[in-house]
Amino acid sequence: MTEKATKSRSKTAKGDDTPIGPTGRPYRGFPTPATLESHGPARIIALCNQKGGVGKTTTAINLAASLAEYGRRVLAVDFDPQGALSAGLGIPTHDVPTVYDLLLDTKRDAHEVIVASAVENLDVLPANIDLSAAEVHLVNEVARETILARVLRQVAGEYDVILIDCQPSLGLLTVNALTAAHGVVIPLECEFFALRGVALLIETIDKVRDRLNPSITLDGLLATMYDPRTLHSREVLERVVEAFGDDVLETVIGRTVKFPDASVSGVPITEFAPEHAAAQAYLRLARELVARGAVA
């Protein structure tokens, strides 16, 4: 379903032809981003939520591909030991250098580890299960919270945006991602238990801002797995908007079986099913983040 078709299904305000989106706000169309004449330095965005299964990796993959489609040079950093982002983009991670090697070896060049994906303008810094040992190895390091930031400084000038797919926890790896990031996008499943942990995550971001990274900002909360047919899904989204207001992104990602199908194929949904409503939603998300100034 195209964006136009989605809009036609939305409610309209009384006395106004402007459609109302799922977040209860007028459904705006965001303009196609202008072409960039040069690239870099990158703005670093962490996709973070300590609850698993909320769409972090799906969002990292498809937002990265959508921004790349709009001509942005994108580096997707797989910072989860499960390596799902790497797998979802068809990047092999067995017996190859990964982000784990960069964290432990200060002399290793990040360019040796970065892999070009099949998507034009999209590169990947892969991860595998080795990353699960990183917290143990880094715990006694000096300035251990800033090690990822040091790694990304090597390549930040070559990209427009760096997206970090965090693991579902608030441990040392996630703190590293938040310390390296300029902004945070919180994917939030439209389900009650996903809502409960957001306050704790916001508190963690505030602590990182106070102690490690004064410039970090909340770029937005992204509602995912939204099913307008269920009262529960609609009520959760309504409560999120009541609590966080304009911090909730207008773009909402619906629930669909196309996401796992695309992951199995090792390609983003924007390539697997480009006309599908979910693919159009991620393209709209990319346009919204550009319009908000979160991405150049």
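Phe-259 touches Thr-58, Asn-62, Ile-253, Gly-254, Ile-269, Ala-278 and Tyr-282, once its neighbours within four places in sequence are set aside. That makes a handy way into this model, which is a predicted one. Two of those partners, Thr-58 and Asn-62, turn up again where helix H2 meets helix H13, and so does Tyr-282. From there we can move on to the pockets, the backbone oddities and a few single residues.

**Phe-259 and its surroundings**

- Phe-259 sits in helix H11, which runs over residues 258–265.
- Is Phe-259 buried or exposed? Its relative accessible area is 11%, so Phe-259 counts as buried, the cut-off being under 20%.
- For a sense of distance, take Asn-213: its C-alpha atom is 34 Å from that of Phe-259, with the two positions 46 residues apart along the chain.

**H2 against H13**

- Helix H2 covers residues 56–69 and helix H13 covers residues 277–291.
- Their axes are 8 Å apart and make an angle of about 70 degrees, so the two helices are roughly perpendicular to each other.
- On the H2 side, the contact is made by Thr-58, Thr-59, Asn-62, Leu-63, Ser-66, Leu-67 and Glu-69.
- H13 answers with Tyr-282, Leu-283, Leu-285, Ala-286, Leu-289 and Val-290.
- Sorted by class, the residues of this contact are eight nonpolar, four polar and one charged.

**The second largest pocket**

- This pocket has a volume of about 540 Å³.
- Its lining counts 30 residues, and Gly-55, Lys-56, Thr-57, Thr-58 and Met-225 are the closest to the centre.
- Which elements each supply at least two residues of the lining? They are H2, H3, S9, strand S10 (248–254) and helix H11.
- H2 gives the most, with five residues.
- The lining splits into 15 nonpolar, twelve polar and three charged residues.

**The cavity**

- Searching the whole structure turns up one cavity of 30 Å³ or more, and the volume of the largest cavity is about 30 Å³.
- Leu-89, Ala-118, Val-119, Gly-266, Val-267 and Pro-268 form its lining.
- By class, that lining is five nonpolar residues and one polar, with no charged residues.

**Backbone oddities**

- As background, most residues other than glycine have a negative phi, and most peptide bonds are trans.
- Met-225 goes against the phi habit: its phi is positive, about 55 degrees, and it is not a glycine.
- Met-225 belongs to strand S9 (residues 217–226), and at 22% relative accessibility it counts as partly exposed.
- Asp-95 also has a positive phi of about 55 degrees without being a glycine.
- You'll find Asp-95 in the loop between helix H3 (84–88) and helix H4 (99–104), where it is exposed, with a relative accessible area of 69%.
- Which residues does a cis peptide bond join? Gly-40 and Pro-41 are the pair, with omega at about -5 degrees.
- Pro-41 is in the loop between strand S2 (19–20) and strand S3 (43–47).

**Helix H7**

- How many of the nine residues of helix H7 (residues 172–180) are buried? Nine of the nine are, so H7 is largely enclosed by the rest of the structure.
- The buried residues are Leu-172, Leu-173, Thr-174, Val-175, Asn-176, Ala-177, Leu-178, Thr-179 and Ala-180.

**Two partly exposed residues**

- Val-115 lies in strand S5 (residues 115–116) and, at 29% relative accessibility, is partly exposed.
- Leaving out residues up to four places away in sequence, Val-115 is in contact with Ile-91, Asp-123, Val-124 and Pro-126.
- The C-alpha atoms of Val-115 and Ala-279 are 24 Å apart, while 164 residues separate the two along the chain.
- Arg-234 is part of helix H10 (residues 231–244) and is partly exposed at 36% relative accessibility.
- Tyr-226, Pro-228 and Arg-229 touch Arg-234, again not counting residues up to four places away in sequence.
- Arg-234 and Asp-246 are twelve residues apart along the chain, and their C-alpha atoms are separated by 17 Å.

How values were computed. Residues numbered from 1 in each chain as written. Predicted model: local features only at pLDDT ≥ 70, side-chain atom pairs only at ≥ 80, totals over all residues. Heavy atoms only, no water. Axes fitted to C-alpha atoms, helices over the stretch in contact; angles between N-to-C directions. Helix = DSSP H or I, 4+ residues; strand = E, 2+ residues; numbered from the N terminus. Parallel < 35°, antiparallel > 145°, perpendicular 65-115°, else oblique. Contact = heavy atoms within 4.5 Å. Nonpolar A, V, L, I, M, F, W, Y, C, P; charged D, E, K, R; others polar. 1 Å grid on protein atoms, 1.4 Å probe; cavity = no way out; pocket = protein on both sides within 12 Å on 5 of 7 lines; lining within 4 Å. Points joined across faces, edges and corners; volume = space filled by probe spheres on them. Buried < 20%, exposed > 50% of the residue type's maximum accessible area, 1.4 Å probe, protein only.
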